[in-house]
Amino acid sequence: MINVRKASDRFHTSIGWLDSQHTFSFGEHYDPSFMGFRVLRVINEDKVAPGKGFGTHPHRDMEILSYVLDGEIRHRDSMGNGSIIKPGDVQRMSAGTGVSHSEENPSTARPVHFLQIWIQPDKRSIEPGYEQKAFPPEELRGKLRLVASGDGRQGSVTIHQDADLYKALLAPGEAATLPLREGRYSWVQVARGAVTVNGQALGQGDGAALSSERAVELAATEAAEVLVFDLP
């Protein structure tokens with residue numbers, strides 16, 4: 001079974017310096033029918049104006065992944081970490097017992113376009129943690145590359161949950177398949193371009209929940225950048 005969440009049906013926040021599309025309920029946008037999917041709680045597609053950003057704010061008991069599509073993010077947090085997140089990077093912050101951080105666009109000339117993803121951890125009140133890794137395009141072309149997992153295998157960042165995140169760069173006509181074990185679920189998010197997912201057409205910004213499927217079968221109908229979650 002496949003349930004599609006069209007890009008045009010997402011919640012929308014626009015406050016001048018920020019344009020954000022929320023796949024699931026977030027902040028003042030609340031719909032009990034869209035509180036996440038399985039342990040996946042948030043997918044926000046954010047565009048932040050030059051020199052602007054999210055000031056220091058707290059989180060706890062959440063695994064937070066940042067994934068940049070265009071531009072750069074300057075990250076600072078209460079654990080003492082400071083970094084620049086670029087396209088191809090995946091950053092993981094485990095909020096655990098509590099952490100504060102800020103995310104800003106360091107450019108004075110161009111916006112930053114990124115996805116922020118929240119996954120519920122398998123345990124509460126863990127020690128906060130931070131990790132950032134780069135995944136070059138050659139590792140993603142024409143295939144699904146594991147970038148986040150519960151055990152850090154294959155060089156992925158480690159999250160505190162039995163969930164895997166893959167990403168792929170597919171040229172028109174290319175295909176990739178992810179088998180799903182019995183009892184597993186999947187969410188597919190199209191960051192750019194267009195694909196079919198088990199025969200269902202998805203465009204940029206669209207997402208789809210897969211339940212009781214044996215595999216995720218992607219086929220690009222135009223050049224595409226896709227995220228695939230394997231979820232408990």
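**View 1. Four strands contribute to the lining of the largest pocket in this predicted model.** At least two lining residues come from each of β3 (18-22), β4 (40-48), β5 (53-59) and β11 (112-119). The lining has 16 residues in total, and those nearest the pocket centre are Leu-18, Phe-26, Asn-44, Asp-46 and Phe-54. By type, the lining residues comprise nine polar, four nonpolar and three charged. The pocket itself has a volume of about 210 Å³.

**View 2. Here we meet Phe-37 and Tyr-185, an edge-to-face pair of rings.** The whole structure holds five aromatic pairs. In this one, the ring centres are 6.2 Å apart and the planes meet at 75°, which is over the 60 degrees needed for the edge-to-face label. Phe-37 sits in the loop between β3 and β4, while Tyr-185 belongs to strand β17 (residues 185-197), so the pair ties together parts 148 residues apart in sequence. With a relative accessible area of 14%, Phe-37 is buried, whereas Tyr-185 is partly exposed at 22%.

**View 3. Step back a little, and the two rings turn out to belong to a cluster.** Ring pairs link Phe-37 and Tyr-185 with Phe-24 and Trp-187.

**View 4. Finally, say hello to Ser-83, a residue of strand β8 (residues 82-85).** Its relative accessible area is 16%, so Ser-83 counts as buried. The side chain of Ser-83 makes a polar contact of 2.6 Å with the side chain of Tyr-130. Leaving aside residues up to four places away in sequence, Ser-83 touches Ile-73, Arg-74, His-75, Gln-91, Tyr-130 and Gln-132.

Note on methods
Residues are numbered from 1 along each chain as its sequence is written. This is a predicted model: local features need pLDDT of at least 70, side-chain atom pairs count only at pLDDT 80 or more; totals for chains, interfaces and linings use all residues. Side-chain values use heavy atoms; hydrogens and water are left out. Buried means under 20% relative accessible area, exposed over 50%, partly exposed in between (1.4 Å probe, protein chains only). A polar contact is a pair of N or O atoms within 3.5 Å; within protein, one must be able to donate a hydrogen and the other to accept it, and residues adjacent in sequence count only if both atoms are side-chain atoms. Contact means heavy atoms within 4.5 Å. On a 1 Å grid over the protein atoms alone, a cavity is a set of points where a 1.4 Å probe fits but cannot get out, and a pocket is an open set with protein on both sides within 12 Å along at least five of seven lines; lining residues have an atom within 4 Å of a point. Grid points are joined across faces, edges and corners, and a volume is the space filled by probe spheres set on the points. Ala, Val, Leu, Ile, Met, Phe, Trp, Tyr, Cys and Pro count as nonpolar, Asp, Glu, Lys and Arg as charged, and the others, Gly among them, as polar. Rings of Phe, Tyr and Trp (its six-membered ring) pair if their centres lie within 6.5 Å; planes under 30 degrees apart count as stacked, over 60 as edge-to-face and the rest as tilted.
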